[in-house]
Amino acid sequence: MTEPTNTDAWLERVFGAADKHDLAQTYDRWAETYDADMLAIGYMNPAVTCGLVCRHLADRQGGILDAGCGTGLIGEILSLLGYGRLVGLDISDGMLERARRREAYAELRNRMLGEPLDFADEAFAAVISSGVFTAGHAPADALDELVRITRRGGRLILAVASSAWEAGGFKEKIATLERAGRWRPVEVTRPYRPMPLSQSKGAATTRCCVFERL
Ligand SMILES: C[S@@+](CC[C@H](N)C(=O)[O-])C[C@H]1O[C@@H](n2cnc3c(N)ncnc32)[C@H](O)[C@@H]1O
């Protein structure tokens with residue numbers, strides 16, 4: 001199969017991945033040009049996520065898990081803003097290697113959202129995730145583990161694609177966690193286009209949600 005030659009073609013490829021193995025391999029191959037490609041289409045999730053971290057997380061050293069950290073765009077910004085104890089996880093070794101080179105994360109692990117995570121209960125002051133709760137990537141059920149590893153009173157700051165909001169079960173899962181007293185919604189952005197210069201269907205709209213872990 002020939003390699004995509006532009007960002008929209010890469011996006012079509014990741015949104016159309018056959019399975020998690022194919023998805024990880026596609027991101028491995030995209031890793032080298034991912035930052036340049038995404039920034040060229042005006043990728044907004046890192047800015048929105050980091051803005052919300054600064055608004056909602058006063059404790060800069062309590063530990064933040066960047067779930068699906070990719071090449072570490074967010075880790076680098078948070079590090080510049082004075083946040084420490086950053087941990088990243090991702091399914092793609094290629095993306096993790098790029099994140100490692102930024103020297104912003106204390107630790108990086110190859111782990112899959114949707115499976116049990118080997119972090120202690122309440123290990124982090126915050127868990128953040130950008131560009132991962134979207135079609136064919138991480139499932140709504142992954143939220144259970146992310147809540148478990150966030151400390152009580154901590155924050156979860158999660159970008160959720162509109163395409164996955166109802167079809168992927170996020171709306172229902174979010175409400176279920178609220179009814180169970182596991183978290184409460186603090187803030188939700190209006191839907192925005194995370195990649196405003198992209199023509200790809202998968203790039204439609206996203207909202208970024210902030211929850212307090214109860
Ligand atoms: C669009 S990129 C976003 C990367 C980074 N968060 C950002 O905003 O630039 C999606 C990332 O999620 C990772 N990913 C996809 N599904 C995943 C899963 N189930 N568990 C962990 N990482 C996943 C991919 O390997 C990729 O690095």
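The secondary structure of the chain comes to eight helices and seven strands, where helices (H or I, at least four residues) and strands (E, at least two) are DSSP runs numbered from the N terminus. The radius of gyration, taken over C-alpha atoms, is 16 Å. The globule rule (2.2 Å times the number of residues to the power 0.38) gives 17 Å for 214 residues, so the chain is as compact as a globular protein of that length. Please keep in mind that this is a predicted model: local features need pLDDT of at least 70, side-chain atom pairs count only at pLDDT 80 or more, and totals for chains, interfaces and linings use all residues. Residue numbers start from 1 along each chain as its sequence is written.

Along the principal axes, the C-alpha atoms of the chain fill a box of roughly 50 × 35 × 30 Å. Of the 214 residues, 45% count as buried. For burial, C-beta atoms are placed from the backbone, and a residue is buried if 20 or more other C-beta atoms lie within 10 Å of its own, exposed if 12 or fewer, and partly exposed in between. Contacts (C-beta atoms, placed from the backbone, within 7 Å) often span the sequence: among those between residues at least 6 apart, 73% join residues at least 24 apart.

**Around the ligand**

The shell around the ligand holds 22 residues, and G68, G70, S92, L113 and G131 come nearest. A residue is near the molecule if its C-beta atom, placed from the backbone, lies within 6 Å of it. Helices α2 (20–40), α3 (45–56) and α4 (73–80) and strand β4 (124–133) each supply at least two residues of this shell. By class, the shell has 13 nonpolar, eight polar and one charged residues. Here Ala, Val, Leu, Ile, Met, Phe, Trp, Tyr, Cys and Pro count as nonpolar, Asp, Glu, Lys and Arg as charged, and the others, Gly among them, as polar.

**Two helix pairs**

Two packed helices are described by the angle between their axes and the distance between the axes. Axes are lines fitted to C-alpha atoms, for helices over the stretch in contact, and angles run from 0 to 180 degrees between N-to-C directions.

| Helix pair | Angle between axes | Distance between axes |
|---|---|---|
| α3 and α4 | about 40 degrees | 10 Å |
| α2 and α5 | about 35 degrees | 6 Å |

For α2 with α5, the contact is made by Y27, D28, R29 and A31 of α2 and D93, G94, M95, E97 and R98 of α5. These residues divide into three nonpolar, one polar and five charged.

In the other pair, P46, T49, C50 and V53 of α3 meet L73, I74, I77 and L78 of α4. That contact consists of seven nonpolar residues, one polar and no charged. The crossing of α3 and α4 is right-handed, meaning that the near helix is turned clockwise from the far one, whereas an anticlockwise turn by less than a right angle would make a crossing left-handed.

Helix α4 has L73, I74, G75 and L78 among its buried residues. The cover over the buried residues of α4 includes α2, α3, β1 (64–67), β2 (86–90), α5 (93–101) and β4. After α4 comes G82, whose phi is positive, near 100 degrees.

**Two buried residues**

L65 sits in strand β1. Why does L65 count as buried? Because 25 other C-beta atoms lie within 10 Å. Leaving aside neighbours within four places in sequence, L65 is in contact with V87, L89, F124, V127 and I149. The C-alpha atoms of L65 and K20, 45 residues apart along the chain, are separated by 21 Å.

N45 belongs to helix α3 and is buried, with 20 other C-beta atoms within 10 Å. Its contacts, leaving aside neighbours within four places in sequence, are S130, G131, A159, P194 and T206. The C-alpha atoms of N45 and S129 are separated by 9.4 Å, though the two residues are 84 apart along the chain.

**Positive phi in the loops**

R85 is not a glycine, yet has a positive phi of about 50 degrees. R85 lies in the loop between α4 and β2 and counts as partly exposed, with 16 C-beta neighbours inside 10 Å. E103, also a residue other than glycine, has a positive phi near 55 degrees. The place of E103 is in the loop between α5 and β3 (107–110). With 10 C-beta neighbours inside 10 Å, E103 counts as exposed.

Technical notes:
Two residues are in contact if their C-beta atoms, placed from the backbone, lie within 7 Å.
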